[in-house]
Amino acid sequence: MPAKPSTWPALRRRALMGAVSVSLLCAGLPAAAADDGRPDLSRFYDQKVAWGPCEGLQMPQDLECGKVTVPLDYARPEAGTLDLALARYRASGDRRGSVVLNFGGPGGAGVTELAYSGKEFMDLTDTYDVVSFDPRGVGRSSPVSCGGSYATAGDDTDDVLRDPRDMLSRLKRAADACAEHSGPVLPHIGTVNASRDLDVIRQALGDKKLNYLGFSYGTRLGAVYAAQFPDRVGRLALDGVDTLTAPLTEQGIAGARGQQTALEDFLDWCVEDIACPFGQDARTAREEVLRLVRSLDQDPLPTDFGYEFTGQDLVGAIGQALYSRELWPMLERALASLVEDGDTRRIEAFVTGGYSVPGVPGVPGVPGVPGVPGIPGAGERPDAERPRETGPETDGGLTDEEDIPLDNLAAALMAINCADDPDRPTADQVTRDLGRLRAAYEQASPVFGRYRLTEVLLCYGRPRGTDYIRDEVKDVDTPKLLLVGTRGDPATPYRWTVETAERLGSSAVVLDNRADGHTGYGSSKCVHRKVDDFLRYGSLPANGSSCGAEERQ
């Protein structure tokens, strides 16, 4: 989930497909080979990171870059390797190790995001090196792609309901295209393997325990790590807590409902301004938004980038902007340009192809897209000689910044979500249930329902995902974990925080952020302070304690 509206060219908001052949190793294997024949991972756990300057657009001078090498397949480490891109801000005070950040997604490139928003985490450098990484399949770390092959279930909903098998055929062809363009990493993508990669990173950083701050999807990754490696957990903070049990269909309904509420809050705010393009009555404004979406679906607008801007593109852009109140004035101006002048350029700035947001102050929203002018990227490997990494040989090296596919964020989002979800309804089941699902989604949100239904159908044609997260990530035996839930979060409902805390067991401590927006660290001084106090000093708030909405930054 991360991206920052800016002047960079917008990517078309389409969910993409990929075929994922899931081959995930069960958790908790030791690094070295055991007498019972478990694979020898010692060469990966023996490596150290060689840090050096980052190069690329607008890369901060004090940001350092490096890499680690991990096995492509943890069950068969001799079958191939890939490199993961890393970045860090070094500790400025008495260093007690590293804290690793994951900004969400799935599909967000951590190196880019740390370069863009690292200043918001500078208090942590009093104690830690602040580190982030591009997970496997993301950014410079063997990025997946669908080669520009797009398929949606919602371009013509009535036709889809009359002939859903044609839609399923298109989805299967698109999934095949993703498999063709993504390379050998695709069958080994997903959170279970990303968690194992995180443990290799921990060791390469020289830390005995993992200290971690995860936002949105990053909370799923943190929870899986706690289940796989409970004895290596240090201080883990999870903000904007993801579900561990809900199937994608239920997640989509919850997301549509949350986004509808956020849209209505935005419109209530907008109509107080004379410049609101939908007038000064909230009920009329809601009707006008829906009318605009339907109009653009029927008669799309041409764009400067060669594609037509549809109503569903508009829905995706609005959804991105609703992650934070700080973006509302920009969204209002963008919608005014669209409604009054037919100008799509401002609203396109919100279109990123994926979503989830760390909600860092002032820029909650979207992760930077490497390789696009005007946005900080991971940077090419410096030409100057750098310290030699102490690690295994690699055959899946870092991808140059300019070679990262423009659809990587969306392709990775769908590939990882599908790899993490074991449900794969048959064509007969989809055909039977599609009408019911459409009604449920449209009831949850007349604006976002169709769009979210499209997304949850995109796992069709992909191999079945892992059962591990749903079945095994529970009752963790770890030190205390801090879970932050925001009452008005449009993407990760507060009830998911409560449910996940109950599932993780007595280790989980809940902080109730009585505010709105996606995640709390970037929008609440109270949340920011309590998370930092936990990570820096081990100081935990009381379970169930709260931060008030008045404490927004």
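Let me begin with a term: two residues are in contact when heavy atoms of theirs lie within 4.5 Å. With that in hand, please look at the chain, which is a predicted model. Among its contacts with a separation of 6 or more, 80% are between residues 24 or more positions apart.

The chain as a whole comes next. It has 17 helices and 12 strands. Of its 553 residues, 63% are buried. The exposed surface of the chain amounts to about 20,200 Å², and carbon and sulfur atoms supply 46% of that area.

I turn now to one helix, α12, which covers residues 408–419. How far apart are the end C-alpha atoms of this helix? They are 16 Å apart, and because 12 residues at 1.5 Å a residue should span 16 Å, the model agrees with the expected value. The helix is mostly covered, with 12 of its 12 residues buried. The buried residues run from Asn408, Leu409 and Ala410 through Ala411, Ala412, Leu413, Met414, Ala415 and Ile416 to Asn417, Cys418 and Ala419. As a reminder, an α-helix has 3.6 residues a turn, so residues three or four places apart point the same way. Which elements cover the buried residues of α12? The cover includes α5 (191–204), α6 (217–228), α7 (248–270) and α14 (449–456).

Helix α6 leads us to the salt bridges. By the rule used here, the count comes to 29. One of them joins Asp242 and Arg220, whose closest N and O atoms are 3.0 Å apart. Asp242 sits in the loop between β7 (233–239) and α7, while Arg220 belongs to helix α6, so this pair ties together parts that are 22 residues apart in sequence. Are these two partners buried or exposed? Asp242 has a relative accessible area of 6%, which is under the 20% cut-off, and is therefore buried. Arg220 is likewise buried, with a relative accessible area of 6%.

Two further pairs deserve mention. Arg432 and Asp433 meet through their side chains in a salt bridge, at 3.2 Å from N to O. Here Arg432 counts as exposed, because its relative accessibility is 58%. The other pair is Arg514 and Asp512, with the closest N and O atoms 3.2 Å apart. In this bridge Arg514 is partly exposed, at a relative accessible area of 44%, whereas Asp512 is buried, at 2%. Elsewhere, Glu64, Arg88, Arg95 and Asp129 are joined into one network by salt bridges that share partners.

Finally, I would draw attention to the backbone at several loop positions. Where is the cis peptide bond? It joins Gly105 and Pro106, with omega at about -5 degrees. Pro106 lies in the loop between β4 (98–102) and α2 (110–117).

Positive phi values in residues other than glycine are also found. Asp475 has phi near 45 degrees, and its place is in the loop between α15 (468–472) and β10 (481–488). Thr519 has phi near 75 degrees and lies in the loop between β11 (508–516) and α17 (525–537). Which of the two is buried and which exposed? Asp475 counts as exposed because its relative accessibility is 58%, while Thr519, at 1%, counts as buried.

Key:
Residues are numbered from 1 along each chain as its sequence is written. This is a predicted model: local features need pLDDT of at least 70, side-chain atom pairs count only at pLDDT 80 or more; totals for chains, interfaces and linings use all residues. Side-chain values use heavy atoms; hydrogens and water are left out. Helices (H or I, at least four residues) and strands (E, at least two) are DSSP runs, numbered from the N terminus. The expected span of a helix is 1.5 Å times one less than its number of residues. Buried means under 20% relative accessible area, exposed over 50%, partly exposed in between (1.4 Å probe, protein chains only). Accessible areas come from the Shrake-Rupley method with a 1.4 Å probe; for residues, only the protein chains shown count as cover. A salt bridge is a side-chain nitrogen of Lys or Arg within 4 Å of a carboxyl oxygen of Asp or Glu.
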